[in-house]
Amino acid sequence: MATRIDRALVADTALRLLNEVGLEGLTLRRIAKELDVQAPALYWHFKNKQELLDEVATEMFRRMAVPISQAGGTTWQERMAAATRELRRSLLAYRDGAKVFSGSRFTDASYATPLEELLRFCVDSGFTPRAAARAWFTVNTYTVGYVIEEQSVYPVPDGGRDPAYEPDGRARRLAGHPLATEAGREFFEDLDAGYEDGLRAVIAGLEVTLLPGSGHHSPPERHSSSGHHSSPEHHPAPENGSPENGSPENGSAPERHPAPGLDKG
């Protein structure tokens, strides 16, 4: 039995269990069993599953912060590509890692220094601060989305391909649709090459659309159809819900910092 339960221990245990049970199986009750404590002991720290996932995502980022900060490159293109490759590598290390990371909210400001360093590099390379933020947000969301798709094909790190994505079987199901059949091979066969192709396209597009002097101005402030300003800091989390029906006992959660991407805080 764990002698002292705190948020750090729960998050660490959750990450260890994630590869075994996946996101759906990662409940406070399952973590409590692993720690040999009663579930109400964890509700003191987390009111529901989303609060748990927020802390797990934060711990995931703490572990990738140094590699992202140390990502090399002499140009902004090289630096941004290297940083986002580290993000992808880290997410792929956990079953459903991208799903956990996406839509969760950081519980502290540990992201701030790596984000500041990356944005400063971009600003020093000629971006406006707003364009630098948009550039990182774009390449970050491309990476997280790509990894979600990757982890559908290969659900378990270092594991086998999901049979649903077996190329020949898919080709048989799509008989008579040659372009769709070939597209599946492009989508699902060499995922590393596919990621790099997309990353190059995204970064090339950032240079054309966001970098001053490239012939295109930074995007103007946008408005949603309701007339309200849209903001990149609003990113609704998925409705994971509480893992059990019980209510928390004297639970309190730290302040949550809503924002997606590297700046999820």
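## A threonine in helix α10

T181 is found in helix α10, which covers residues 178-188, and the structure described here is a predicted model. T181 counts as buried because its relative accessibility is 16%, a value under the 20% limit that is used for buried residues.

The side chain of T181 reaches two backbone oxygens, that of H177 at 2.9 Å and that of L174 at 3.5 Å. When residues up to four places away in sequence are not counted, T181 touches R170, A171 and L174, so that L174 appears both as a contact of T181 and as the owner of a backbone oxygen reached by the T181 side chain.

## The chain as a whole

The protein chain holds 11 helices and zero strands, and its elements, followed from the N terminus, run α-α-α-α-α-α-α-α-α-α-α. Of the 265 residues in the protein chain, 40% are buried.

Among the contacts in the protein chain with a separation of 6 or more, 73% are accounted for by residues 24 or more positions apart. One pair that is distant in sequence is P114 and S69, which are 45 residues apart along the chain while their C-alpha atoms are 5.3 Å apart in space. P114 has its place in helix α7, residues 112-124, and P114 counts as buried because its relative accessibility is 5%.

## The largest nonpolar core

The largest nonpolar core has 64 residues, and the members that touch the most other members are I31, L42, M60, L91, F101 and F127. Helix α8, made of residues 129-153, gives the most to this core, with 10 residues.

For I31, leaving aside its neighbours within four places in sequence, the contacts are V10, T13, A14, L17, L26, L42 and L52. L42 is therefore a contact of I31 and, like I31, one of the core members with the most contacts to other members.

## Helices α1 and α2

Two packed helices are described by the angle between their axes and the distance between the axes. The axes of α1 (residues 7-25) and α2 (residues 28-35) come within 10 Å and cross at roughly 120°, and α1 and α2 are therefore oblique to each other. The crossing of α1 and α2 is right-handed.

On the α1 side, L9, V10, T13, A14, R16, L17, E20, V21 and G25 meet R30, I31, E34 and L35 of α2. I31 thus takes part in this pairing of α1 with α2, and V10, T13, A14 and L17 are among the contacts of I31.

## Helix α5 between two partners

Helix α5 (residues 76-92) has an axis that comes within 10 Å of the axis of α8, and the two cross at roughly 30°. That angle makes α5 roughly parallel to α8, because angles under 35 degrees count as roughly parallel. From α5 the contact is made by M80, A83, T84, L87, R88, L91 and L92, and from α8 by A135, W136, V139, N140, T143, V144, V147, E150 and Q151. The crossing in which α5 passes α8 is right-handed.

The axes of α4 (residues 49-69) and α5 come within 9 Å and cross at roughly 150°, and α4 and α5 are therefore roughly antiparallel to each other. The crossing of α4 and α5 is also right-handed. Here M60, M64, P67, I68 and S69 of α4 meet R79, A83, E86, L87, R89, S90 and L91 of α5.

Key: Residues are numbered from 1 along each chain as its sequence is written. This is a predicted model: local features need pLDDT of at least 70, side-chain atom pairs count only at pLDDT 80 or more; totals for chains, interfaces and linings use all residues. Side-chain values use heavy atoms; hydrogens and water are left out. A nonpolar core is a set of buried Ala, Val, Leu, Ile, Met, Phe, Trp, Tyr and Cys residues joined through side-chain atoms within 4.5 Å. Buried means under 20% relative accessible area, exposed over 50%, partly exposed in between (1.4 Å probe, protein chains only). Helices (H or I, at least four residues) and strands (E, at least two) are DSSP runs, numbered from the N terminus. Contact means heavy atoms within 4.5 Å. A polar contact is a pair of N or O atoms within 3.5 Å; within protein, one must be able to donate a hydrogen and the other to accept it, and residues adjacent in sequence count only if both atoms are side-chain atoms. Axes are lines fitted to C-alpha atoms, for helices over the stretch in contact, and angles run from 0 to 180 degrees between N-to-C directions. Angles under 35 degrees count as roughly parallel, over 145 as roughly antiparallel, 65 to 115 as roughly perpendicular and the rest as oblique. A crossing is left-handed if the near helix is turned anticlockwise from the far one by less than a right angle, and right-handed if clockwise.
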